[in-house]
Amino acid sequence: MLKTGLRPNAFGNGQVDVLIVGSGPGGLSAALSCVQRGLSYALIEKDELVAATIARWPKGKECMAEPYDVKCVGLLPVFDAGKDELLAAWRTILDQQRIHVSTRETVEDVQRDTRGWFNVKTNKQVYSAQRVVMAIGTRGKPRKLGVGGEHLTK
């Protein structure tokens, strides 16, 4: 995003450099990357739980979080473990980095303004963001957006 024109500004009052939708591993990693690069962000989650898919994983069943042949290079550790161990490791990092997740916040509308920024209305407030990261997992059943190509297999 920085290579394509994003400029760190830390606006406040609902204006952020990056709005992140979804608090699974992708969304949490995006928030950590924002912190590392000095970008302001808001991280919203429609569920009441952070990383809800993993939090609701069957007790005792190991989470296969990392493909065996792909090295984890992100700031959020991803490893095969039980959900409690994985979530505890993530919680430690999120607490250390003071990552805030606004739960029970759902996106209602997204519009682009004349500057090319995104105005995102949620059930709680309206954000103005230079970029939006859609990190929605929804357990493999993503909500369709009605855009060209979404019917393709890849």
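Residues 24 or more positions apart account for 51% of the contacts in the protein with a separation of 6 or more. The model is predicted. Its pLDDT averages 85, and 86% of the residues score at least 70. Three helices and seven strands make up the secondary structure. Their order from the N terminus is β-α-β-α-β-β-α-β-β-β.

**Confidence and surface**

- Strand β2 (residues 41–44) has the highest confidence, at a mean of 96.
- Strand β3 (residues 62–63) has the lowest, at 76.
- The protein has 154 residues, and 34% of them count as buried.
- About 9,800 Å² is exposed, with carbon and sulfur atoms supplying 53% of that area.

**The five-stranded sheet**

- Five strands form an open sheet in the order β2-β1-β7-β6-β5. The pairing is mixed.
- Strands β2 and β5 (107–112) are the edges, and each pairs on one side only.
- From one strand to the next, the twist averages 40°.
- Helix α1 (residues 25–37) packs on this sheet and touches β1 (15–21), β2 and β7. The direction of α1 makes about 165° with that of β2.

**Strand pairing and hairpins**

- The parallel pair is β1 with β7, joined over six bridges. Within it, leucine 19 has valine 132 of β7 as its bridge partner.
- Strands β6 (residues 118–122) and β7 (residues 126–134) pair in the antiparallel sense over four bridges. They form a hairpin with three residues between them.
- Three residues can be followed across to β7. Phenylalanine 118 has alanine 129 as its bridge partner. Asparagine 119 is partnered by serine 128. Valine 120 stands opposite tyrosine 127.
- Strands β5 and β6 are also antiparallel, over five bridges. Here glutamine 111 has asparagine 119 in β6 as its bridge partner.
- The β5–β6 hairpin has five residues between its strands. Glycine 116 lies in the turn and has a positive phi of about 90°.
- Asparagine 119 thus links in two directions: to glutamine 111 and to serine 128 in β7.

**The two faces of β6**

- Side chains in a regular strand alternate between the two faces of the sheet.
- In β6, the covered face holds Phe118, Val120 and Thr122. The uncovered face holds Asn119 and Lys121.
- Two residues of the covered face, Phe118 and Val120, belong to a nonpolar core of nine residues.

**Nonpolar cores**

- The largest nonpolar core has 23 residues. Those with the most contacts inside it are Val18, Ile20, Leu28, Tyr41, Leu43, Trp90 and Ile99.
- Strand β1, helix α1, strand β2 and helix α3 (83–96) each supply at least two residues of this core. Helix α1 gives the most, with five.
- Leucine 28 has contacts beyond its neighbours within four places in sequence. The partners are Ser23, Leu43, Val50, Leu76, Trp90, Leu94 and Val101.
- A second, separate core has nine residues, including Leu19, Phe118, Val120 and Ala129. Among these, phenylalanine 118 and alanine 129 are also bridge partners.

**Valine 18 in focus**

- Valine 18 sits in strand β1. It is one of the residues with the most contacts inside the largest core.
- Is valine 18 buried or exposed? It is buried, because its relative accessible area is 0%, and the cut-off for burial is under 20%.
- Which residues does valine 18 contact, leaving aside its neighbours within four places in sequence? They are Met1, Leu6, Cys34, Leu39, Ser40, Tyr41, Ala42, Arg131 and Val133.
- Leucine 6 is twelve residues from valine 18 along the chain. The C-alpha atoms of these two residues are separated by 8.9 Å.
- Tyr41, a contact of valine 18, is likewise among the residues with the most contacts inside the largest core.

Methods:
Residues numbered from 1 in each chain as written. Predicted model: local features only at pLDDT ≥ 70, side-chain atom pairs only at ≥ 80, totals over all residues. Heavy atoms only, no water. Buried < 20%, exposed > 50% of the residue type's maximum accessible area, 1.4 Å probe, protein only. Contact = heavy atoms within 4.5 Å. Areas by Shrake-Rupley, 256 points an atom, 1.4 Å probe, with all protein chains shown as cover. pLDDT = per-residue confidence, 0-100. Pairing = 2+ DSSP bridges. Axes fitted to C-alpha atoms, helices over the stretch in contact; angles between N-to-C directions. Core = buried A, V, L, I, M, F, W, Y, C linked by side-chain atoms within 4.5 Å.
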